[in-house]
Amino acid sequence: MSSFFLATNTPEFFNDLCEEIRLFLSADKIDLLPPDETQTKTGVYVRHAVEKQADGTYISHAQIYDDGRLKASHDYPFSVLTGTPIEMKREKKSAVKINLYRLMCRYTGKKRPWGPLTGIRPTKYLRDLENRIGSKSARAYFIESLGVSRKKFDLAKRIVKRQASVIESIGKAALDIYIGIPFCPSICSYCSFGSKRLKKGDPIQMRYIETLIQEIEAIKPVILHRNIRSVYIGGGTPTSLDLPVLERLLSVVKEWGETCEFTVEAGRPDTIDAEVLAGLKRYGVNRISINPQTFKEKTLIDVGRKHSIAQVYDAFSLARKTGFHHINIDLILGLPGETLDDMRRSVKKAIALAPESITVHTLAIKNASAMQRDISYSANERKIETAVSSARRMCERKGYLPYYMYRQKYMKGNLENVGYAKIGSHSIYNIDMMEEVTDILAFGAGAVSKKIYPSEGRHERIANPKDLETYLAKIEKIIEKKKKHLLGVFYVLIIMACCHPAAYTLQ
């Protein structure tokens, strides 16, 4: 296995440059070298530097060496338009990524469907770009400068158009709420979420829920003064909780969840029965997700999902009988051992169930997962890309249109995850969260809250500890941090207004 090294005079972009290298090479570990060091070790060595010219423009220089021999080089001249420090840094970062991407294309003789884009939100990037330079110029930049394929650009553009009315409907003080449940009946080999295996009756679940409610109640005065667009209880598998435990949480959420989109991930069919579904319905849940991931029985066994295909059909039928009119189905394309026909068959069977929405994921194997990760780009990626394209055509022919998209690191074929939905059946939460257009208030282990500052083009990210025991032990500090950094002055005003309503008027 080769060693990988990178020398750059822009160390602030080290991680971004590494991401470009990993689009092409299986380079888990890349060592940073001083910018003036000459590499004499064996392995792959990338040398990068940004040079400012006399006229104020810049040139990004990049070379790649293999065992000491120069294999490819590329220079990219660029300008940084005057703007805020954040905007100028973004432009500079974009330029160095483009140059590294073009260097790697030259070195490997390959291209990627999304060009040098490695962030998870290409639709957000496109929307922001259109607002700044116009639709025509944004299209030219995506296709000509970035090298994004026309098919991928068209997909992003269609999603941006479809999301427009949802984003325009965002009112004052809009808020989305996420609640994380880090438990599952078994852990899938591809999973990297840090969920814990849960057995029925385990006291840890009630301990967790009571701590979670403590966090929610501490922030409740603020929630009640916001306009809630959606509530999403995810995980993990929320329905892996014993029903009385789950109902304890739902009883707290119900008062502000029942008037908006209210989703619970019932992702594992083996956790769903008539009582669970009736409980969800009783507490106002109006959207659930049942996730087979594949309709191939052997694959379910191989990846550690302890349920059968028959249980998927039974759970779906029960949900319909219980009165759920918005059911989502998740699929993963690229699971080990699956052929192109297997993947197409899964999409066909998901469509045949006639859910309101289908989310088609491309396999991404992260370091935290148990599955052996192989990010080398071989013929397997071409097969998965064909499956992704087929899934899109199959969904659209049956009236499922793409409405949101996101991408992940280590995703097979540098592809994407896409949510398809029938007209009127999109998920508000999925759009708001992925496009970063509203504040997200998140509770639970590993949950990430976001405070959005649209006029400044930035957000503050407040993450709870991922480790379950750390979350339980440090809940008081977590609450104080959330009050101080995420809610800030707004929290103080709300509390004072609640205590002295005559003295304060909230705008």
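Visitor: What joins the side chains of K157 and E130?

Guide: A polar contact of 2.5 Å joins them. Please keep in mind that this is a predicted model.

Visitor: Why is the pair of E130 and K157 also called a salt bridge?

Guide: The N to O distance between the two side chains is 2.5 Å. A salt bridge needs a side-chain nitrogen of Lys or Arg within 4 Å of a carboxyl oxygen of Asp or Glu, so this pair qualifies. The bridge links distant parts of the chain: E130 sits in helix α3 (residues 122-133) and K157 in helix α5, 27 residues apart.

Visitor: How do you know whether K157 is buried or exposed?

Guide: Its relative accessible area is 19%. Buried means under 20%, so K157 counts as buried. Its partner E130 is buried too.

Visitor: Helix α5 also holds K151. What makes K151 exposed?

Guide: The relative accessible area of K151 is 64%. Exposed means over 50%, so K151 earns that word.

Visitor: Which residues gather with K151 in a patch of positive charge?

Guide: R344, R393, R397 and K398 gather with K151 on the surface. Lys and Arg count as positive, which is why the patch carries that name.

Visitor: How do you know that K29 and D31 meet in a salt bridge?

Guide: Their side chains come to 2.4 Å, N to O. The limit is 4 Å, so the pair passes.

Visitor: Why is K29 called exposed, and D31 partly exposed?

Guide: K29 has a relative accessible area of 58%, and the cut-off for exposed is over 50%, so the word fits. D31 stands at 28%; partly exposed covers the range between buried, under 20%, and exposed, over 50%, so D31 belongs there.

Visitor: What makes D342 and R345 a salt bridge?

Guide: Their closest N and O atoms are 3.0 Å apart, and the cut-off is 4 Å, so they form one. Both residues lie in helix α11 (residues 340-352), three residues apart, about one turn of the helix.

Visitor: Why is D342 called buried while R345 is called partly exposed?

Guide: D342 has a relative accessible area of 9%, and buried means under 20%, so D342 is buried. R345 has 41%, between the 20% and 50% cut-offs, so R345 is partly exposed.

Visitor: How many salt bridges does the structure hold, and which residues are linked in a network of them?

Guide: The structure holds 27 salt bridges. R121, K124, D128, E436 and K450 are linked in a network of salt bridges.

How values were computed:
Residues numbered from 1 in each chain as written. Predicted model: local features only at pLDDT ≥ 70, side-chain atom pairs only at ≥ 80, totals over all residues. Heavy atoms only, no water. Patch = residues over 30% accessible without salt bridge, like charges linked within 9 Å, V, L, I, M, F, W, Y side chains within 5 Å. Areas by Shrake-Rupley, 256 points an atom, 1.4 Å probe, with all protein chains shown as cover. Charge placed at Lys NZ, Arg CZ, Asp CG, Glu CD. Helix = DSSP H or I, 4+ residues; strand = E, 2+ residues; numbered from the N terminus. Buried < 20%, exposed > 50% of the residue type's maximum accessible area, 1.4 Å probe, protein only. Polar contact = N/O pair within 3.5 Å; in protein donor to acceptor, adjacent residues only side chain to side chain.
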